[in-house]
Amino acid sequence: MKRIYTLIKVTTIALSTLYIVGCNNEFKHPDTSDIEINIAVRPFYKDLFKPYTHIQTHIDNLYADYDSAFMKMYAYELRLGSPSDSGFANNLKQFLDIKENAEVIAKCDSVWETLSKLNSQLTDAMKCIKYYFPQTNTPEILTHFSGFNNNIIVDSTHISFSLEH
């Protein structure tokens, strides 16, 4: 009986010590003051839903302003087809003309009126990533509207967050 009492006492002390020493949930933020990064989130969705007169000109302008790899990936995620397909312009026009999308975009604009807090948080996060992985390229950060399809689109040079989620 004395052995069991001693075993329980030793186990309790050991577990208590491990809990006190090992379960410190404080995040120790690295010193990133030397790392020069300034994230400025680009609101792709605003350019996408800008009023236009001719859909093909609108598509050409988007390609001029945004990387073609991102544009192809965005089209794929929305299931609009390949931008090189003949029906792509019509598919994009139909997506842009959905009345409910305009209502959701208006709500996104009111909720995400300013992206300054998001810019600050993402800048801090990217500095931490650069601290631990200095060779990492900083991706371009965008916001998009996906019609509730995708929360996030990621490739080697872009991270895009869907604002309606």
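The accessible surface of the protein, computed here from a predicted model, amounts to about 11,300 Å², and 57% of this area belongs to carbon and sulfur atoms. Of the 165 residues in the protein, 33% are buried. Where contacts between residues at least 6 apart in sequence are considered, 57% of them join residues at least 24 apart.

The secondary structure comprises seven helices and four strands, which follow one another along the sequence in the pattern α-β-α-α-α-α-α-α-β-β-β.

Helix α7, which spans residues 116-132 and contains 17 residues, reaches 25 Å from its first C-alpha to its last, a value close to the 24 Å expected at 1.5 Å a residue. The buried residues of this helix are Leu-118, Asn-119, Leu-122, Thr-123, Met-126, Lys-127, Cys-128 and Lys-130. An α-helix has 3.6 residues a turn, so residues three or four places apart point the same way. The buried residues of α7 pack against two strands, namely β2 (140-144) and β4 (158-162).

Strand β2, one of the two strands against which the buried residues of α7 pack, is itself mostly covered, with four of its five residues buried. Two pairings involve this strand: with β1 (residues 42-43), β2 pairs in the parallel sense over two bridges, and Pro-43 stands opposite Thr-143 of β2. With β4, β2 likewise pairs in the parallel sense, here over five bridges, and His-158 in β4 is the bridge partner of Glu-140.

Conventions:
Residues numbered from 1 in each chain as written. Predicted model: local features only at pLDDT ≥ 70, side-chain atom pairs only at ≥ 80, totals over all residues. Heavy atoms only, no water. Expected span 1.5 Å × (residues − 1). Buried < 20%, exposed > 50% of the residue type's maximum accessible area, 1.4 Å probe, protein only. Contact = heavy atoms within 4.5 Å. Pairing = 2+ DSSP bridges. Areas by Shrake-Rupley, 256 points an atom, 1.4 Å probe, with all protein chains shown as cover.
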